[in-house]
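Open the model in your viewer and keep the selection tool at hand. We will move from stop to stop, picking a few residues each time.

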Amino acid sequence: MAQDTEVLVVGGGSTGTGIARDLAMRGVDVTLVEKGNLTNGTTGRMHGLLHSGSRYAVSDQASAAECIEENRVLRDIASHCVEMTGGLFVKRPEDAEEYFEEKLRGCRECDIPAEVLSGEEARAVEPYLAKDVEKAIRVPDGAVDPFRLCVANAISAENHGARIETHAEVTDLLLDDGDVTGARVRHESGKGPRTHGTPGTTEEITAEYVVNATGAWAGQLGAMADVDVEVRPSKGVMVVMNVRQVDTVVNRCRPKGDADIVVPHETTAILGTTDEEVADPEDYPEEGWEVDEMIDTLSELVPILSEARTVRSFWGVRPLYEPPDVGSEDPTDITRDFFLLDHRERDDVGGLTSIVGGKFTTYRMMAEQISDHVCGKLGVRASCETADVPLPGSEDESVLEDAMDDYGLRSPVARRSRQRLGSRADDVLDTDGPNPVVCDCEGVTRAEISDAVEQSGTDLNAVRIRTRASMGNCQGGFCCHRMANVLADDYDEPTVRASWDELLQERWKGERHALWGEQLSQAALNYALHATTMNRDRDPADMDADVDFSAFDAGEGTATHPGSDAPSHTDGRRTGGERGDS
Ligand SMILES: Cc1cc2nc3c(=O)[nH]c(=O)nc-3n(C[C@H](O)[C@H](O)[C@H](O)COP(=O)(O)OP(=O)(O)OC[C@H]3O[C@@H](n4cnc5c(N)ncnc54)[C@H](O)[C@@H]3O)c2cc1C
């Protein structure tokens, strides 16, 4: 019997999209289904660290070696998603000298470039380090944008013929004599042009092979085929600060513990994290003390954090896996390595393999191994090319450099647009009309928002993750309505209002945990702007009033129009630093 697809990949995080790309590039017919939007799961809630491997250089050298290998690959194939900030493992007076030496030795054993800096040298690299930091190890850590990288993988997979279905949840696996032969998928009302299935309908997709790439949900999917996949979901908090207080990844050089890393990410710094086992990857407590702990403990490394504004916090759930006979009590003891579970060998259930554990940094390597495995099952001989072929948008940086002046954009805005768009910058930014900055904090222009609307349709949250608009200092206070205005070019008012509301709710969700000091003032101001002035807490539809979206346009000739001065943002907390205050 003909199958609908050769391989059905379940899960649209880094692992699933990486697998879809790899298999599609080998000529395999692939369908990927994801119950939410791409990056709906852990991938959209990670720390943004491109590991150098040094974090694991003492505790888990196999993982460390994989990380540095993939760190190099991703710098090559996804340069537009990576910022090579560098990283420091810093030692405070109370941290053990032996551990510092062990870390250094471990890095060298794993082929991770590692250089010892004195306290003064470390502060020359990262001026906001505490005065009593004694010394540091400099390593090639970086920052990575998981949203862009996943989308780039999905686009590449589609370019090679894959079908990518978002808002499509597997509700059951199809079984024939105990073997998996496909899945029953429920289509939900996915927003935008990428929706293929009709919302509210159910589809049975038959497949020669099914890959379970559902991360922390892998146990739930496994249960649909009566197999046990022993994922041990472990939650971690991340706290977003108002500006980029550090330009380098700052790690505490001591054995694993909570609150030991600050990652500079775009215009912000992200503090983290914790590691606490939870029963359900979607339902776990988010507690205020976790946020406090991040700020208090990390201020020991970077004292300015104690005075800075916290804009929001978010939690993710690690898809840790432990083979059945290990039985660790402490989730921090569970390996960060990944495992390929062939359910034919393991459980006598054919047609299904699960991939669990691992890290974002090693997603491509995981995808390569599982694609090798699946191709072996299907008799496909093509080999993996994903380590060599650049992802869409990263091919040629010089094109972007040249393009900077062409668009008449001031350099900070142009640089950020170019970084985000990669080799697509020419196409997207070459617009006929005016191209004002819509999101001042992140320097996102209208052309980028329009491009994202074209890709993602009515979903302003999807526009947000593609462009970073509304993710900066004001948390959308000054741009959510302008984003709605761009959407209003193509969609009717009720659709725009619904999407606008969803965006505001999403912004509010993470701000709730950070309501003190200046952030409380900002949240009150946002409320005044959106709820009071723009009536977002009283639906104009009930009041017979239209929303005049065009009134929100920054428009031609305003101060934010490219070619004129872009607005500068400073924050009273940080003085004298021109590095990243805007
Ligand atoms: C707090 C924290 C910080 C981290 N920081 C880093 C870091 O800095 N660097 C790093 O390298 N790694 C980091 N990680 C690890 C990394 O984020 C994960 O390993 C990685 O994102 C997992 O990707 P995934 O695709 O396997 O899982 P996910 O991204 O969770 O993808 C699985 C997808 O499956 C979907 N799904 C589930 N069930 C179904 C179903 N029935 N039907 C259809 N779809 C379904 C989910 O919606 C989800 O989108 C961090 C993890 C956490 C928790």
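**Stop 1: H14 and H16.** Select H14 and helix H16 (residues 493–511). This is a predicted model. The two axes come within 8 Å and cross at roughly 55 degrees. At that angle, H14 and H16 are therefore oblique to each other. Now show the side of H14 that makes the contact: Leu 460, Asn 461 and Arg 464. From H16, add Ser 499, Trp 500, Glu 502, Leu 503, Glu 506 and Arg 507. Colour this contact by class. You should get three nonpolar, two polar and four charged residues.

**Stop 2: H14 and H15.** Keep H14 (residues 460–467) and add helix H15 (residues 480–487). How do these two helices cross? Their axes come within 11 Å, at roughly 110 degrees. An angle of 65 to 115 degrees counts as roughly perpendicular, so that is the word for H14 and H15. On the H14 side, pick Leu 460, Val 463 and Arg 464. They meet Met 483, Ala 484 and Leu 487 in H15. Colour by class again. The contact of H14 with H15 has five nonpolar residues, no polar ones and one charged.

**Stop 3: H13.** Step back along the chain to helix H13 (residues 446–456). Is this helix mostly covered or mostly open? It is mostly covered, with nine of its 11 residues buried. Among the buried ones are Ala 447, Ile 449, Ala 452 and Val 453. Charged names are on the list too, including Arg 446, Glu 448 and Asp 451. Next, select Gly 457, which follows H13. Its phi is positive, near 70 degrees.

**Stop 4: His 373.** Jump to helix H9 (residues 363–378) and pick out His 373. Is this residue buried or exposed? Its relative accessibility is 18%, so His 373 counts as buried; the cut-off is under 20%. Which residues touch it, leaving aside neighbours within four places in sequence? Select Tyr 209, Leu 340, Asp 342 and Thr 353.

**Stop 5: the ligand.** Finish by selecting the ligand and the 37 residues around it. Those that come nearest are Thr 15, Glu 34, Asn 40, Thr 43 and Thr 361. Then look for backbone atoms close to the ligand's polar atoms:

- Lys 35: a polar backbone atom is 3.1 Å from a ligand nitrogen.
- Phe 360: a polar backbone atom is 3.2 Å from a ligand oxygen.
- Gly 358: a polar backbone atom is 3.4 Å from a ligand oxygen.

Technical notes:
Residues are numbered from 1 along each chain as its sequence is written. This is a predicted model: local features need pLDDT of at least 70, side-chain atom pairs count only at pLDDT 80 or more; totals for chains, interfaces and linings use all residues. Side-chain values use heavy atoms; hydrogens and water are left out. Axes are lines fitted to C-alpha atoms, for helices over the stretch in contact, and angles run from 0 to 180 degrees between N-to-C directions. Helices (H or I, at least four residues) and strands (E, at least two) are DSSP runs, numbered from the N terminus. Angles under 35 degrees count as roughly parallel, over 145 as roughly antiparallel, 65 to 115 as roughly perpendicular and the rest as oblique. Contact means heavy atoms within 4.5 Å. Ala, Val, Leu, Ile, Met, Phe, Trp, Tyr, Cys and Pro count as nonpolar, Asp, Glu, Lys and Arg as charged, and the others, Gly among them, as polar. Buried means under 20% relative accessible area, exposed over 50%, partly exposed in between (1.4 Å probe, protein chains only). A residue is near a molecule or strand if one of its heavy atoms lies within 4 Å of it. A polar contact is a pair of N or O atoms within 3.5 Å; within protein, one must be able to donate a hydrogen and the other to accept it, and residues adjacent in sequence count only if both atoms are side-chain atoms.
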